[in-house]
Amino acid sequence: MQYIGYGSLKERAAAEIRSAIVRGDLEPGTAIKDVELAEKLGLSRTPVREALATLTDEGLVETKPHAYTRVTALEAEPVRDALVVVQSMHALAIGLAVPKMTAEDIAAMRAANKAFKKALDANDAVAALAADDEFHAVAVHRCDNFAIAATIDRFTPLVRRVEHSRFSSPNARHSVTQHQQIIEACEQGDDQLAATLVDKNWGTLGEEL
């Protein structure tokens with residue numbers, strides 16, 4: 001984990017700890033001590049405690065007062081439940097977004113998919129995850145539905161470790177082709193096909209469970 005400077009300390013601490021959990025630097029079951037984390041991040045204990053509360057809400061950390069705070073086990077059922085929601089929201093988002101998409105949106109999706117492929121070729125799962133986020137964010141932004149965006153933000157953290165695992169394997173290469181098919185459906189203005197393809201794309205994560 002990296003030292004954190006000024007900014008929204010709680011949010012930045014949460015992002016850094018979340019990334020460590022997703023990458024596997026903090027493995028399932030690992031005990032978490034706010035004092036040690038605060039020292040590593042160069043923060044006081046308050047923003048770290050607030051960050052851990054956020055991660056607890058996201059399902060990445062579990063705590064029992066006066067007993068333990070630890071990284072949650074990667075259990076299939078809660079991850080599968082979250083994936084169903086995230087998958088459905090992304091399919092709905094692109095279905096709403098396609099009629100409103102611009103040439104700039106299509107270009108952004110192409111650029112994100114290019115970056116995604118480059119990251120996979122370099123075996124950089126973290127960069128692949130970021131590029132995949134950029135790809136799907138185009139539709140989420142364009143659909144302009146706060147409830148969809150909020151729901152995705154709420155449940156995506158629980159599937160992050162599965163995404164990282166997926167993008168660390170050769171199977172992830174199929175997503176490059178799936179992304180291209182999604183782009184082509186958007187260019188054709190076929191919202192139903194785009195939604196079906198996005199649903200299929202997210203559904204491949206279920207193979208990791």
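Me: What makes the lining of the second largest cavity nonpolar, polar or charged in this predicted model?
Reply: The lining divides into 7 nonpolar, 2 polar and no charged residues. Ala, Val, Ile, Met and Phe count as nonpolar, and Asp, Glu, Lys and Arg as charged. The lining residues are His90, Ala93, Ile94, Met109, Phe135, His136, Ala139, Ile182 and Val198. His is in neither group, so His90 and His136 count as polar.

Me: Which elements give two or more residues to that lining?
Reply: They are helix 4 (76–97) and helix 6.

Me: Why is the space of about 50 Å³ called a cavity?
Reply: A 1.4 Å probe fits in a cavity but cannot get out. The space of about 50 Å³ is the second largest cavity, so the probe is shut in there. The count comes to 2 cavities of 30 Å³ or more.

Me: How much space lies in the largest cavity?
Reply: About 70 Å³.

Me: How do you know that Asp132 lines the largest cavity?
Reply: A lining residue has an atom within 4 Å of a cavity point. Asp132 is listed in the lining, so Asp132 has such an atom. Others in the lining include His136, Glu163, Arg166 and Trp202.

Me: What makes 3 residues of this lining charged?
Reply: Asp, Glu and Arg count as charged. The lining includes Asp132, Glu163 and Arg166, so these are the 3 charged residues. The others divide into 3 nonpolar and 4 polar.

Me: Which helix gives the most to the lining of the largest cavity?
Reply: Helix 7, with 3 residues.

Notes:
Residues numbered from 1 in each chain as written. Predicted model: local features only at pLDDT ≥ 70, side-chain atom pairs only at ≥ 80, totals over all residues. Heavy atoms only, no water. 1 Å grid on protein atoms, 1.4 Å probe; cavity = no way out; pocket = protein on both sides within 12 Å on 5 of 7 lines; lining within 4 Å. Points joined across faces, edges and corners; volume = space filled by probe spheres on them. Helix = DSSP H or I, 4+ residues; strand = E, 2+ residues; numbered from the N terminus.
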